[in-house]
Amino acid sequence: MSADPQAEAKAKILATYSAFWEESVKAYEAGTEQGTKLVDYAAKDALNQTLTDIANMQRAGTATKGAPGHRAEVSAVNLSGEQPTATISDCFDLSTWKIIDRSSGQVRPFPTEQPMHYITVFDAELQGGRWMLTKFVRHGDRTC
C-alpha cells in the first residue's frame, strides 16, 4: 500500500516552513542572513522580502528576541502539472517575539495598530525535488 502523496507533500511543506522560520529567527536576531540556511528554504519574493526586512531592521538599529508562534496548515496542494505548488496559511503570533533596540537591548513596543495575531499566507513550489517558499503576504487586517 502506498502512502498518500498529498499527506506526504503536506508533511514536507510544513517541515520546510518550520525550517524557514528557524533560520529566519536566527537572521532577525543577528541582523544578517549570514550563517543561516534561509536560501535552502526560501526563494524568489519570499527570500527577497525576508532579506529586505532584515536589512531594514539592521538600518533601524533593531533586532528580535524570542520567536513568533505559529498555527500553520497547508491549505492547498497541487501536485499535478510541471510545477507542483502549495499554499500555507498561518495564524502568526507576535506575542512571543520582541523587537529590541540593538544598542541598548531595550524592548521596543510594536505599533499600537499592530495586531499580535494575524494571518500570513505563503506560496510554495517544488524546485529541484524540494519544497521552497516563494512568496508571502501578511494579512495584518485579518486577525486570528
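# Strands, a disulfide and a pocket

Me: Let's start with Lys 65. What is its bridge partner in strand 4?

Reply: In this predicted model, Lys 65 has Lys 98 of strand 4 as its bridge partner.

Me: How many bridges join strand 1 to strand 4, and which way do the two run?

Reply: There are five bridges between strand 1 and strand 4, and the two strands run antiparallel.

Me: And what about strand 4 with strand 5?

Reply: Strand 5 covers residues 107–108, and it pairs with strand 4 over two bridges in the antiparallel sense. In that pairing, Ile 99 has Arg 108 as its partner in strand 5, while Ile 100 is matched with Val 107.

Me: How many residues sit between strand 4 and strand 5 in the hairpin?

Reply: Five residues lie between them, and Gly 105 in that turn has a positive phi of about 80°.

Me: OK, so what's the strand order of the three-stranded sheet?

Reply: The order is 1-4-5, in an open sheet with antiparallel pairing. Strand 1 and strand 5 are the edges, each pairing on one side only.

Me: Switching to the four-stranded sheet: what order do you get there?

Reply: That one reads 2-3-6-7, again an open sheet, with antiparallel pairing. Strand 2 (72–78) and strand 7 are its edge strands, and each of them pairs on one side only. From one strand to the next, the twist averages 20°.

Me: How many bridges hold strand 2 to strand 3?

Reply: Six bridges join strand 2 and strand 3, which run antiparallel. As for individual residues, Asn 78 stands opposite Thr 85 of strand 3.

Me: New topic, cysteines. Which ones form a disulfide?

Reply: Cys 91 and Cys 144 do, with their sulfur atoms 2.1 Å apart. The count comes to one disulfide. The link of Cys 91 and Cys 144 is right-handed, with 90° about the S-S bond.

Me: What does that pair tie together?

Reply: Cys 91 is in strand 3 (residues 85–93) and Cys 144 is in the segment after strand 7 (130–143), so the disulfide links parts that are 53 residues apart in sequence.

Me: Is Cys 91 buried or exposed?

Reply: Cys 91 counts as buried, because its relative accessibility is 5% and the cut-off for buried is under 20%. Cys 144 counts as partly exposed at 37% relative accessibility.

Me: Last thing, pockets. What volume does the largest pocket have?

Reply: The largest pocket has a volume of about 430 Å³. Its lining consists of 19 residues, and those closest to the centre are Asp 53, Met 57, Trp 97, Ile 99 and Arg 138.

Me: Ile 99 again! Which elements give two or more residues to that lining?

Reply: On the helical side of the list, helix 1 (5–30) and helix 2 (44–60) do. The strands on the list are strand 1 (62–66), strand 4 (97–101), strand 6 (117–127) and strand 7.

Me: And how do the lining residues divide into nonpolar, polar and charged?

Reply: The lining of the largest pocket has twelve nonpolar residues, five polar ones and two charged ones.

Notes
Residues numbered from 1 in each chain as written. Predicted model: local features only at pLDDT ≥ 70, side-chain atom pairs only at ≥ 80, totals over all residues. Heavy atoms only, no water. Disulfide = S-S within 2.5 Å. Buried < 20%, exposed > 50% of the residue type's maximum accessible area, 1.4 Å probe, protein only. 1 Å grid on protein atoms, 1.4 Å probe; cavity = no way out; pocket = protein on both sides within 12 Å on 5 of 7 lines; lining within 4 Å. Points joined across faces, edges and corners; volume = space filled by probe spheres on them. Nonpolar A, V, L, I, M, F, W, Y, C, P; charged D, E, K, R; others polar. Pairing = 2+ DSSP bridges. Axes fitted to C-alpha atoms, helices over the stretch in contact; angles between N-to-C directions.
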